[in-house]
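User: Please give a close account of one pocket in this model. Which residues form its lining, and what lies around it?

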Amino acid sequence: MAICCFPSPLKPITPATPLTNLKPKRPGILRCNFSLPTITTTEPEPVFTSVSCFAPATVANLGPGFDFLGCAVDGLGDFVSLRVDPSVHPGELSISNISGPKKLSKNPLYNCAGIAAIATMKMLNIRSVGLSLSLEKGLPLGSGLGSSAASAAAAAVAVNELFGRKLEVKDLVLAGLESEAKVSGYHADNIAPAIMGGFVLIRSYDPLELMSLQFPVEKDLIFVLVSPDFEAPTKKMRAALPAEIGMPHHVWNCSQAGAFVASVLKGDLVGLGKALSSDKIVEPKRAPLIPGMEGVKKAALEAGAFGCTISGAGPTAVAVVDSEERGVEIGERMVETFWKEGNLNAVASVKRLDRAGARLVGSVPR
């Protein structure tokens, strides 16, 4: 299935347009005209025959920062390989292979990587070459670790790298947001850190304004990620949230989010963990939907974690510590608690902050 990224007779696709409303004019070739602007006036030439890119897992919300705070986690993520393919019609994208969950579609309009790649091609005004994309999923679906964002980030960066890095970071995030909007909602707290690395604050969505928060390089920050055998689709978990909140909870969460940002910049793990654990709006609604989550958080804190909360929409629980050894011990306690209180098998991993974000990991020159 191939997708054309240049203007066509179809109406523009806006972030609110559901995938089910996208109808091809004829089988085999789907044409799209994304709402994103074309950034380059002159179509760039590919500088590589093929590229491979990696994008890391992410932890969104980070407690009180619903939809505006996120960070990247090292060692977990998705890979995208992209190549110039003469068998694909010029200006079109085809997904040739997907390794991982079998339920993922190879139709680029129904695939996170495909949507982001097309949006990036649109920005670059690519018309003269066809591209073939291969996706290697390293993250499970519905895990709360930014699975869709990792695919989108790797794809957007791959297209940009293939054509000589013509786009800025903000452009790539916007391309990734096109994908996120069609999968889980228009939120950048996964896609922004997946592309930028480190901690990211989304200051504004309209216009999009991103702030990179620098955690001191000399300080150790360890994430304990415990993923139970339970799927928590983002759309379902977002539907559980309150439509309105009271002023006291608003003030509390704002103050805790401010404390979190200050703690990141200072490298204060105690303050960071305290703020991470303090959400009074989102976590109280989502935690009861994940069997054992409330007990897992309690177990993590009792075992010595500085803080613990739900990663994104869940079901993964994330705790922060200052050493890998302690992280392993706390992870074991969290896994035990998921089984005892939630009757769920779980897997723990101990990871560091990914400061680089999505990146080129291989290329073949022309």
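Analyst: **The second largest pocket and its setting**

Domain 1 (3–214 + 354–365) and domain 2 (222–352) each contribute at least three residues to the lining of the second largest pocket; the bounds come from an automatic or database domain assignment. The model is predicted, with local features requiring pLDDT of at least 70 and side-chain atom pairs pLDDT 80 or more, whereas totals for chains, interfaces and linings use all residues. Numbering starts from 1 along each chain, and side-chain values use heavy atoms, without hydrogens or water.

The second largest pocket holds about 240 Å³ (the space filled by probe spheres set on grid points joined across faces, edges and corners). A pocket is an open set of points on a 1 Å grid where a 1.4 Å probe fits, with protein on both sides within 12 Å along at least five of seven lines; lining residues have an atom within 4 Å of a point. Its lining comprises 14 residues, and Pro-64, Phe-66, Phe-68, Asn-253 and Ile-281 are closest to the centre. By class, 9 of these residues are nonpolar (Ala, Val, Leu, Ile, Met, Phe, Trp, Tyr, Cys, Pro), 4 polar (the others, Gly among them) and 1 charged (Asp, Glu, Lys, Arg).

The largest pocket has a volume of about 710 Å³. It is lined by 43 residues, with Gly-142, Ser-148, Val-183, Ser-184 and Thr-234 nearest its centre. This lining is made up of 16 nonpolar, 16 polar and 11 charged residues. The helices α1 (112–124), α2 (147–162), α3 (169–183) and α5 (234–239) each provide at least two of them (DSSP runs of H or I, at least four residues, numbered from the N terminus). The largest pocket lies between domain 1 and domain 2, because both give residues to its lining.

The packing around the domains can be described in similar terms. The largest nonpolar core (buried Ala, Val, Leu, Ile, Met, Phe, Trp, Tyr and Cys joined through side-chain atoms within 4.5 Å; buried means under 20% relative accessible area with a 1.4 Å probe, protein chains only) has 77 residues. Leu-82, Leu-133, Ile-191, Phe-199, Phe-223 and Phe-260 have the most contacts inside it. Helix α2 gives the most to this core, with 11 residues. Domain 1 and domain 2 both supply residues to this core, so it lies between them. Apart from it lies another core of 22 residues, including Val-224, Ala-319, Ile-330 and Met-334.

Key
Helices (H or I, at least four residues) and strands (E, at least two) are DSSP runs, numbered from the N terminus. Buried means under 20% relative accessible area, exposed over 50%, partly exposed in between (1.4 Å probe, protein chains only).
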